[in-house]
Amino acid sequence: MGDVPAGVDPAMLDRLAEVAVKVGLNLQPGQDLILTAPMAALPLVRRVAAHAYAAGAGVVTPLFADEEITLARFRHGHDASFDAAAGWLYRGMGEAYGAGAARMAVSGDNPMLLAEQDPEKVARANRANSTAFKPALEKISTFAINWSICSYPTPSWAAQVFPGLPQDEAVAKLAAAIFAASRVDRDDPVAAWAAHNEALHARARWLNDMRFEALHFTGPGTDLTVGLADGHEWHGGSSVAQNGVTCNPNIPTEEVFTTPHARHVEGWVAATKPLAHQGTLIEDIRVRFEGGAIVEAQASRGEAVLRKLIDTDEGARRLGEVALVPHSSPISQSGLLFYNTLYDENAACHIALGQCYSKCFLNGATLSAEQVAAQGGNASLIHVDWMIGSDQVDIDGVTAGGDRVAVFRKGEWAV
């Protein structure tokens with residue numbers, strides 16, 4: 001596989017593929033795999049396929065996206081095409097997941113690819129895609145299958161993270177950051193992941209034992225009370241999917257997370273990192289929640305895109321996830337802005353607008369969509385994370401009796 005760019009260690013890339021299959025997916029013998037990736041990530045995709053087949057995979061089906069083809073649509077596509085999507089493809093993916101296939105996504109797209117395109121067309125295309133994707137997304141958001149996401153250092157992404165550097169040097173630096181965050185630079189990456197998962201599980205167990213009714217975030221520009229869904233359950237690290245397979249959905253991960261109550265969020269919150277969304281860098285986000293919904297929204301840059309995002313549907317103004325990440329996390333300490341939610345969300349505590357995860361409820365696999373909603377779970381076409389934690393943010397847990405317990409102080413666990 002002599003296809004690795006200069007500056008990227010082939011041995012480390014192979015380790016990443018092995019971790020993706022064995023830790024991320026825990027792919028089972030005979031299980032099919034649907035794999036989505038940018039075309040530029042082919043060197044990693046080939047290695048993932050090799051490890052998948054070595055683990056006994058049934059059929060590995062790769063689906064690629066290409067940046068130039070994506071841009072061609074916006075440059076030359078007729079207007080009506082932006083309200084269309086390949087529903088047949090997503091229905092097929094949903095059918096495959098329903099039949100037991102696993103899902104892996106390799107991220108690495110240029111986060112600013114659509115920055116110069118018409119934001120109205122970008123929003124319409126994303127809405128159409130999100131609507132068409134629902135049959136497949138439902139299998140993922142309900143954790144019906146084992147799935148995972150990892151990343152590859154594409155040149156276009158590396159250029160955003162390390163502007164001004166020669167391409168080979170930028171790619172090499174991004175590759176090193178990915179390998180470190182994914183723990184594949186350790187002597188035994190699989191064992192390192194086992195230890196890391198146990199540490200995250202211990203945090204989740206403590207939060208589940210405390211049974212907080214709400215979390216109160218305070219910091220510069222932030223005074224936010226996030227009610228937690230009735231019967232919520234905290235998760236972190238590896239989890240057991242409904243098909244019985246233990247997998248790590250995110251490679252890397254530093255978070256413990258749960259479902260907020262979509263109708264019980266109040267106050268102001270300020271983002272602590274920019275959000276790269278739809279080709280726009282949205283900076284200095286600050287919003288106010290009332291009755292669980294955003295009623296005021298502002299940003300110093302990209303405000304129009306932010307407003308389009310929260311207007312996607314009714315659920316886009318409400319929270320579907322709250323996650324706790326210490327400021328001392330390795331990704332935070334790298335000092336890098338990755339322009340990639342998989343990485344940036346693991347540098348700071350964060351919230352997500354939109355769809356909740358039904359697995360973040362006690363006995364979530366047995367709950368209907370109506371029961372999830374009744375207990376406070378949110379439903380939406382979107383799920384967009386943005387960062388609200390820093391070394392200046394404190395978090396208190398609030399019990400049903402009104403007692404307050406220190407959870408974070410100055411961005412670190414207080415317990």
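User: Happy to look at this predicted model with you! In which order do the 5 strands of the open sheet come?

Analyst: Glad to help. The pairing in this open sheet is antiparallel, and its edge strands are S7 (235-236) and S18, each of which pairs on one side only. Reading across from one edge to the other, the order is S7-S10-S16-S17-S18.

User: How many bridges join S17 to S18?

Analyst: Let's take S17 (residues 350-354) with its two partners. On one side, S16 (residues 319-324) runs antiparallel to S17 and is joined to it by 4 bridges. On the other side, S18 (residues 383-387) also pairs with S17 in the antiparallel sense. The number of bridges between S17 and S18 is 5.

User: Which residue of S18 stands opposite Leu353?

Analyst: Leu353 belongs to S17, where it is the bridge partner of Leu319. A further bridge to S17 links Ala323 with His350. Looking towards S18, the residue opposite Leu353 is Val384.

User: How many residues of S17 are buried?

Analyst: Burial here requires a relative accessible area under 20%. Strand S17 is described as mostly covered. The count of buried residues in S17 is 5 of 5.

User: Moving on to the rings, what is the geometry of the pair formed by Tyr90 and Phe133?

Analyst: This is one of 7 aromatic pairs found in the whole structure. The two ring centres are 5.2 Å apart, and the planes meet at 80°. Planes over 60 degrees apart meet the cut-off for this class, so with its 80° the pair of Tyr90 and Phe133 is edge-to-face.

User: How many residues apart are Tyr90 and Phe133 along the chain?

Analyst: Tyr90 sits in helix H4 (residues 87-98), while Phe133 is in helix H5. Both residues are buried. Their pair links distant parts of the chain, with a separation of 43 residues.

User: Which residues do ring pairs link into a cluster?

Analyst: Here the contacts go beyond a lone couple of rings, since ring pairs link a cluster. Its members are Trp157, Phe338 and Tyr343.

User: Where does the charged end of Arg286 sit?

Analyst: Two arginines are worth viewing together. Arg183 lies over the face of Trp193, at 5.8 Å from the ring centre. For Arg286, the distance to the ring centre is 4.2 Å, and the ring beneath its charged end is that of Trp268.

User: Which helix gives the most residues to the lining of the second largest pocket?

Analyst: That pocket holds about 440 Å³ of space. Its lining has 22 residues, and the closest to the centre are Glu138, Ser141, Thr142, Gln355 and Ala369. Two or more lining residues come from each of helix H5 (119-141) and helix H12 (369-374). With 4 residues, the element giving the most is H5.

User: How many charged residues does the lining of the second largest pocket have?

Analyst: Sorting the lining by class gives 9 nonpolar and 10 polar residues. The charged class has 3.

User: What volume does the largest cavity have?

Analyst: The search of the whole structure finds 1 cavity of 30 Å³ or more. Its lining consists of Val325, His327, Ala347, Ala348, Cys349, Gly389, Ser390 and Gly411. By class, these are 4 nonpolar, 4 polar and no charged residues. The volume is about 30 Å³.

User: Turning to the backbone, which peptide bond is cis, with omega near 10°?

Analyst: Most peptide bonds are trans, so a cis bond is worth a look. The proline involved, Pro252, lies in the loop between strand S9 (246-247) and strand S10 (256-258). The bond runs from Ile251 to Pro252.

User: Is Phe143 buried or exposed?

Analyst: Phe143 is in the loop between H5 and strand S4 (147-151). Its phi is near 60°, a positive value in a residue other than glycine. The relative accessible area of Phe143 is 3%, and therefore the residue is buried.

User: What is the accessibility class of Arg211?

Analyst: Arg211 also has a positive phi, near 50°. Its place is the loop between helix H8 (189-210) and strand S5 (214-219). The relative accessibility of Arg211 is 32%, so the class is partly exposed.

Terms used. Residues numbered from 1 in each chain as written. Predicted model: local features only at pLDDT ≥ 70, side-chain atom pairs only at ≥ 80, totals over all residues. Heavy atoms only, no water. 1 Å grid on protein atoms, 1.4 Å probe; cavity = no way out; pocket = protein on both sides within 12 Å on 5 of 7 lines; lining within 4 Å. Points joined across faces, edges and corners; volume = space filled by probe spheres on them. Nonpolar A, V, L, I, M, F, W, Y, C, P; charged D, E, K, R; others polar. Buried < 20%, exposed > 50% of the residue type's maximum accessible area, 1.4 Å probe, protein only. Pairing = 2+ DSSP bridges. Phe/Tyr/Trp six-rings, centres within 6.5 Å; stacked < 30°, edge-to-face > 60°. Lys NZ or Arg CZ within 6 Å of the ring centre and 35° of its normal.
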